[in-house]
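Me: I would like to learn how to read a protein model step by step. Could you show me the general idea each time, and then the case in front of us?

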Amino acid sequence: MIEIRNLQKEYVEEETPTRALRGVTLSIDKGEFVSIMGPSGSGKSTLLQILSFLDRPTGGSYTFQGKSIDGMTDRELAHVRNKDMGFVFQSFNLLSRLTVYDNVEIPLLYSATQPVKRQTLVEEAVRSVGLEDKLRTEAGKLSGGQKQRVAIARALVTDPNVIFADDPTGNLDSQSGLQIMEILKLLHDKGRTVILVTHETQTAEFANRIIRMKDGLIESDKAITAHMLHGPLK
Amino acid sequence: MRLPDAFKTATRSLTHGKMRSILTMLGIVIGIASVIILMSIGQSAQDLILGQVQSVGSNLIIIVPGAPSNGKFSPPASAQGIVVTSLQQRDVDALQREPSIDLAVPEVRGQAEVIYGNNSATVSYTGSTADFFAVSNLTKMSEGQAFSKSDVDSGAHVAVIGPDLANTLFGTGLDPINKTILLKNVAFRVVGVLSKGGTGAFGVDIGNLVVVPISVAQKQLLGITYFNVIIAQANAAYDINFVKSRITFVLRQDHGITDPNKDDFSIETQADILSILGSITSVLTLFLAAIASISLIVGGIGIMNIMLVSVTERTREIGLRKAVGATDTDILQQFLIESVLLTFVGGAVGIAFGMVVVGAVYLGVNAFSPTLGWVFAFPISAVILGLVVSGIAGIAFGIYPARQAGKKNPIDALRYE
């Protein structure tokens, strides 16, 4: 599903180039649950941004679902983000003055889904994160854990193949963080590919594969199937 | 994004910052309202002026002494201080014999102080024949009656005065009829008071006019034998341009002129004057509207300013929308719709506000000066112009902020604090 070869990313700020990714090669299959870990500045967030089409690499190749990113226009990237990808951010990124319903509906607006169908999809997504009683509540009035559940519902509403989560528990207390990870695990169990960036080992261990990064390169890439038998550490 | 959804999204953003939206719109409201008000009042003024000229009668031909200006706009010779004595009684007599002309009415004009008791006023006076009242559409008297042909022939010292002057001289309690007034120290007996006031054709203040027999005005007030103007009323059976050519022919014959370039008189019809006045008032209205539109530009810049602030404030929102699939065009469209909605609603409110002000002016003018005949004019062209201009302003002043929004890179936008 995801194939990257010698992926590089270089930022130039005030004429000083910074190499955030220095040649990363990686492949992720459909249905995997992958955690990407590493200290800050290791390039893990940059990698996630490129994988999720929010940014373009400056070198190397990236093939998503058999299609190279090179030939794609910004409009096509936006279309793939809308159709095939879901996003969960550390800082939720909800529009706080809109209701839960309106927030979850946003991706459907950009896929030009008909209003009647939108309603069904939004209600279904909100129900799947257990917030059906908050449908008409303003997003700004929710607790952190609830906000992140709304964000997950928003990521789910277009029924994407991959869900990208950038440190989704970073702003939450451990109890709420755990709930969020349970939901992500459930999504994975239902067949979705989940790619997660985190710096908490506990969170990372929900995945069945952990990639550690350092200085823009992959340091280790391990499957942790045995661990799944015990469930995550509580 | 589907267009109805785009409108819904834009409306929602605007209503979330109600106060800001209202204040932003205010500039456009004031701009559109001032354009509308000036255009409407200009239209009313134009209708009023043209209406008064027309009320004098559209079959009138005005003959003034001096060479014609041949299309170039220049003041008549008399206004330049040149005394032209070419119009005489024999011209009037010759015109009276012409079958295409019903009436030929000579006039002399001057300004002087008029006194009754302790009251006085400086007024315009006209010396003319008894036909003056018919030709000028002033036959209706509120009191007394007009002077007669025999008054003119005998050189009677009688006068017809305007209603405002009657009020100035006699107040409301005193009957002006048969009172003796002094005009340029010559005594005249008031025989009639005109019923119509206000400003008449050619800027004559009818309310303060004094009309006396031409024989007396020529000899005793002015000491002249020529006329300032002859007004000819064409016979309705003839085409006005034919009558015009007949007058030219008669006067050239009378004055012994063979070279058409050496005419010592000029002729204008009511239609000529109407078209000149119409174009002058139109230019003035446009000029005022152009000045008012400066406030529209200021309002538009206000909108651009607020939209730029809004784009910066909502950087994270833009980043999020792009992350979940919005294209550059979607974002540009959203912000452009917001600014066009602001200006369009502002324009509509401006039109409504303008209509209220124009209505108030109409009521006010008619309350203070009911005889003026001020009409309520609210040209549909002004409404269409207002809406079109406000829509265009929204696009013109919204496109730059909207492009800035659309160009934002989703990563930078999401990272924005």
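Me: What percentage of the residues of chain B count as buried?

Reply: A residue is buried if 20 or more other C-beta atoms lie within 10 Å of its own, exposed if 12 or fewer, and partly exposed in between, with C-beta atoms placed from the backbone. In chain B, 39% of the 417 residues count as buried. For chain A, with 234 residues, the figure is 46%. Keep in mind that this is a predicted model, where local features need pLDDT of at least 70, side-chain atom pairs count only at pLDDT 80 or more, and totals for chains, interfaces and linings use all residues. Residues are numbered from 1 along each chain as its sequence is written, while chains are lettered from A and ligands numbered from 1 in the order in which they are written.

Me: What is the radius of gyration of chain B, and what would a compact globule of 417 residues have?

Reply: The radius of gyration is taken over C-alpha atoms, and the globule rule is 2.2 Å times the number of residues to the power 0.38. Chain B has 32 Å, but a compact globule of 417 residues would have a value near 22 Å. Its C-alpha atoms fill a box of roughly 100 × 60 × 35 Å along the principal axes. Chain A has 18 Å, which agrees with the value near 17 Å for a compact globule of 234 residues. The box for the C-alpha atoms of chain A is roughly 45 × 45 × 35 Å, again along the principal axes.

Me: How many helices and strands are there in chain B?

Reply: Helices (H or I, at least four residues) and strands (E, at least two) are DSSP runs, numbered from the N terminus. Chain B has 13 helices and ten strands, and chain A has eight helices and ten strands.

Me: How many residues of chain B are in contact with chain A?

Reply: Two residues are in contact if their C-beta atoms, placed from the backbone, lie within 7 Å. Here 20 residues of chain B are in contact with 19 residues of chain A. On the side of chain B that touches chain A, the largest share, six residues, comes from H10(B).

Me: Is H10(B) enclosed or open, and why?

Reply: Seven of the nine residues of H10(B) are buried, so this helix is largely enclosed by the rest of the structure. Among the buried ones are Glu317(B), Ile318(B) and Leu320(B). The buried residues of H10(B) pack against helix H2 (74-84), strand S6 (85-89) and helix H3 (100-109) of chain A, together with H11, helix H12 (380-407) and H13 of chain B. After H10(B) comes Gly325(B), with a positive phi near 120 degrees.

Me: Which residues that are not glycine have a positive phi?

Reply: One of them is Gln65(A), with a phi of about 50 degrees. Gln65(A) lies in the loop between strand S4 (59-64) and strand S5 (67-68) of chain A, and counts as exposed, with 12 C-beta neighbours inside 10 Å. Lys184(B) also has a positive phi of about 50 degrees. That residue lies in the loop between strand S6 (180-183) and strand S7 (186-194) of chain B. Lys184(B) is partly exposed, with 16 other C-beta atoms within 10 Å.
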